[in-house]
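Work through the exercises below with the sequence and the structure open beside you. Try each task before reading its solution.

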Amino acid sequence: MCLGTWFAAARVPVHTELFDLLPEGSTTTQRLLLKQLRTGVSGRLILMGLEGADADRLAENSKRLVEWMHKSELFHYVGNGIETLTQEERDHLFRSRYLLSPGIQKDTFAPDHLRDALEQRLDDLRSPLAPMIKEFVPADPTTEFLKILTTWTPWNTPTKHRGVWFSADHQRALLVAETKAAGFDVDSQADVQQQIREAFQSMVGSNTGMRLVMTGPGVFAVEAQQTIQNEIWWLSLMAVMLVFTFLYFSYRSVTLLVLSLVPLASGIVTGILAVDFAFGFIHGITLGFGVTLLGVVDDYPIHLFSHLTRESSAVNVIQEIWSTMRLGVITTALGFSALLLAGFPGLSQLGLFAIVGLLTAAATTRWVLPFLVPVGFHPRRSVMGLAGLADRFTQARLLVPLSVLLASAVLIWSNTPLWEQDIANVSPISSDKKILDHTLRTELGAPDVRDLIVIEGATEEDVLQRSEDTMPALDRLVKQEVLTGFDIVTRYLPSRRTQAMRQAALPDQQTVQRNLRVALKGLPFRPTVFRPFVEAIGEAKTQPFLQSQTFRATTLGIKIDSLLLEHSGRWIAVVPLRGITARERLYEIVLSWEKPSISYLDLKGESNRLIMAYRNETLTLVGWGTLAIGFVLFMGLRSLSAVLRVLIPIGSAIVVVGALLHSLGERLSLFHVASFLLVVGLGLDYALFFNRRHGTESERDRTVYGLLVCSTTTILVFGVLACSQLPVLKAIGMTAALGSFTCLLFAALLADQGTHEV
Amino acid sequence: MIFGVNANRTTLLLVLFTLTRFMVVPLPSQVWADPTTQAEGNSATGEWNVDQLIIRLAKQRKETVSFEETTFSAMLTEPLKTRGTLKFTPPARLEKHVTDPYDERYVIDGDNVLYEKNSTRVSKNFSLEDYPVLRVFVEVFRSSFAGDPVTLKRFYKATLEGKPRQWSLILHPQDVTIQSIVQSVRLSGEGGHITRIETRSPDGDRSVLVIQAPGE
């Protein structure tokens, strides 16, 4: 077994990217966008803040950190306010100014317009900035280059101090970086973030109050993973210790403790191998949750041991209880199959893991474990009278319908929503971190991308033209205060159509010469000063058009790549929107444009919708699973009343647990639904064994004792999980612990009082 | 969007320099923060020197002075003029207010520059560090008006000519990148007053700022 475990651990790739577990989207566009968001620029951003010193020292360290980051070659882009356009890029842009500038119109170079521009240049020359501006005057008197840069100015750049971005109160120097590693490549992200921290530490030394704070998708992914791993580790430790202590005191045997691990361990190993075979990898989270789900198989050896007596051999005992156990195994496996069939990748892995593990553990208990139990071995305990005690419970059976009624009332007449609508609330990220993220994003003017306009087209040119045609409408929306701003690829890369239009609008050299002469009349400029301007116009007339390839591997190229996507021959322009208040209204406005190639996408709403769709799908599967379970039970028990006796306590328990969770302030999510499956599995076991009326009174005592031990271990394990800070673990823990207790109670209350056999 | 495409020219200037920043000035920030690093000078000898002049300038400084600035450029056939007032508030606030031929205001406080133009209602803050040219101008004023010869000498090679009654202080930037836009700054004065500041570019262009104290 150890060897097998090692084999599985060493050979099976355990993935840790959350990416693998997230839904893929239902349309091609959605899939492309979700992929882009996860692996693209926005997923790779790290936002940073330096705090805890005076502004001058923060600025200095911001510069030193950026210098290190540039050298480290871990980043595509690093920004702290000091501009990153290289001399080469600037020259290139300057040469292309007459194709890129939105200022180029038919009359831009007409005498009166030129005259206005020249008068303004005179003012420039006597401003305090003259020594810096004057180099541009001779070649660009209408300041087209500046107009280009103006349209590129981000919506609101942060305040600057010493040339470096700062928060408005000058308490925090701001930086932003785009890692080369993908945002969901957690291991690389953790490595990059660690290197940044170390570089920062060695920069500022240890005894300063200066701090580095980081946020962004990659930082979140690392934190989520670490939190999950830490929590799983100590929660598992706690649970294992509690269960072992409890089992030891229940049976007072170390041998038994060790033996009870055999089915569980074999289940885990085969589960891993099966998932690896089907998916090619197993996710760390699947493993963590899967082991938790498989905790249910610990009940099988417990049943076996509970029925052992001085007289009976393990092989005989297992034959006696096998028919009941088999029914429990099959029905629980059916319950887990709902997970397997759900489209959610993470849940399918979990389902497969649980089913294979469950069947293996049951088989081990049936065919391997009995031969491992020493002959004559039996747990020392006195369990006399337990069955009688349990039977007395049945006198209070009215409690069940009453509590179901009450629970239904709670569920029906509650004001708070039953289902979790916002997937963000299920995220393992602490709210402090979320607030920090929001603050840094606001200060940097780099808000989380939630709202997008998506423009599709067959070719690059097609998409660029459509984007340009959409710009006036978007500008109108800004004016109407439907949104406060947007970013669009055609600001950086105009379509060929527009470039051709601008080129055509440029006058020939003779005309420029003539207009310039008229415009200069009476102004104190030397006439020869503007020769470079006249030449530049001449060159621009025949300049080749700019394409997205022109800017490859530059700062501008990165910008264009994040706004213009190409995927198997389809082109998409992504237009991030800012400051949207009424999403419904925007949706209707975009719809009213009646252009099928343009759509509005609320990414957060979209992923919530996706998650809810998965939840509903899972619920449906749970429904079918329940029917299948009922059918199998009928085949096994061959009596409708017996089937009902098994199913009614479980159904009632689920309603009551749902109401309990709801009144505790939990909103039900996909993870609760998944945990209900576990509850069904547990409940089936309890109900089947409670209604098993084989043999003597002492045999019954042993059954009841076994059930008590089973449910207590379950409640212990999941009770520990319920203490977790992680919403997902908490959801699973609370549901399963409450469910286990309620199922046992209801099974006892509704147990058949007769003595006929099941 | 703060700027439309037809933004006024000075706004465009600001944008340009925020974005392009073709002069990266490595600036040891402790110098800015702490001007008491070293007190050099030979004031003990009683000789007329830069330190004495700077201390005297600070003592007799007027809060507000008016100026007339004339720009000479190879691009121009005749010089351009502006008029306005300069106002220094210790320790680090300097205001240059142009009143003629247009109305425009630069308020420099620490590293922050506030730019305002009344006719277009433009008002914007930016970082002094992004505008090396403005910084030269500001530092000369600040350090001479604040009586801080140490900072001044840190950034400029200072030569003093003339007599205490009528003197010229010639400053050459130490920083190579600044040298490419400002060759020298020549302050001339009488007693404890600066009367003229002449800034020369390496290309031969220059501006002459003549200062008049109010009432003179």
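A residue is called buried if its relative accessible area is under 20%, exposed if it is over 50%, and partly exposed in between (1.4 Å probe, protein chains only). The model is predicted: local features need pLDDT of at least 70, side-chain atom pairs count only at pLDDT 80 or more, and totals for chains, interfaces and linings use all residues. Residues are numbered from 1 along each chain as its sequence is written, chains are lettered from A and ligands numbered from 1 in the order in which they are written, and side-chain values use heavy atoms, with hydrogens and water left out.

**Exercise 1. Describe chain A as a whole.**

Step 1. Of the 758 residues in chain A, 57% are buried.
Step 2. Helices (H or I, at least four residues) and strands (E, at least two) are DSSP runs, numbered from the N terminus. Chain A has 29 helices and 13 strands.
Step 3. Contact means heavy atoms within 4.5 Å. Take the contacts in chain A between residues at least 6 apart in sequence: 81% of them join residues at least 24 apart.

**Exercise 2. Classify A:Asp191, A:Glu73 and A:Thr143 by accessibility, and locate each one.**

Step 1. A:Asp191 lies in helix H9 (residues 186–204) of chain A. Its relative accessibility is 41%, so A:Asp191 is partly exposed. Its C-alpha atom is 9.9 Å from that of A:Ala181, ten residues away along the chain.
Step 2. A:Glu73 sits in the loop between helix H3 (55–72) and strand S3 (75–79) of chain A. With a relative accessible area of 59%, A:Glu73 is exposed. Its phi is positive, near 60°, and the residue is not a glycine.
Step 3. A:Thr143 belongs to the loop between helix H7 (130–133) and helix H8 (144–152) of chain A. A relative accessible area of 6% makes A:Thr143 buried. This residue, not a glycine either, has a positive phi of about 50°.

**Exercise 3. Check the length of helix H25 (residues 603–637) of chain A.**

Step 1. The expected span of a helix is 1.5 Å times one less than its number of residues.
Step 2. H25(A) has 35 residues, so the span should be 51 Å; the end C-alpha atoms are 50 Å apart, which agrees.
Step 3. After H25(A) comes A:Arg638, with a positive phi near 55°.

**Exercise 4. Find how H13(A) and H28(A) are arranged.**

Step 1. Axes are lines fitted to C-alpha atoms, for helices over the stretch in contact, and angles run from 0 to 180 degrees between N-to-C directions. The axes of H13 (residues 299–306) and H28 (residues 697–722) of chain A come within 9 Å and cross at roughly 150°.
Step 2. Angles under 35 degrees count as roughly parallel, over 145 as roughly antiparallel, 65 to 115 as roughly perpendicular and the rest as oblique. H13(A) and H28(A) are therefore roughly antiparallel.
Step 3. The residues in contact include A:Ile302 and A:His303 of H13(A), and A:Leu707 and A:Val709 of H28(A).

**Exercise 5. Do the same for H10(A) and H18(A).**

Step 1. Helix H10 (residues 217–251) and helix H18 (residues 431–444) of chain A pack at about 170°, with axes 12 Å apart.
Step 2. H10(A) is therefore roughly antiparallel to H18(A).
Step 3. A:Pro217, A:Phe220 and A:Glu223 of H10(A) meet A:Lys433, A:Lys434, A:Asp437 and A:Arg441 of H18(A).
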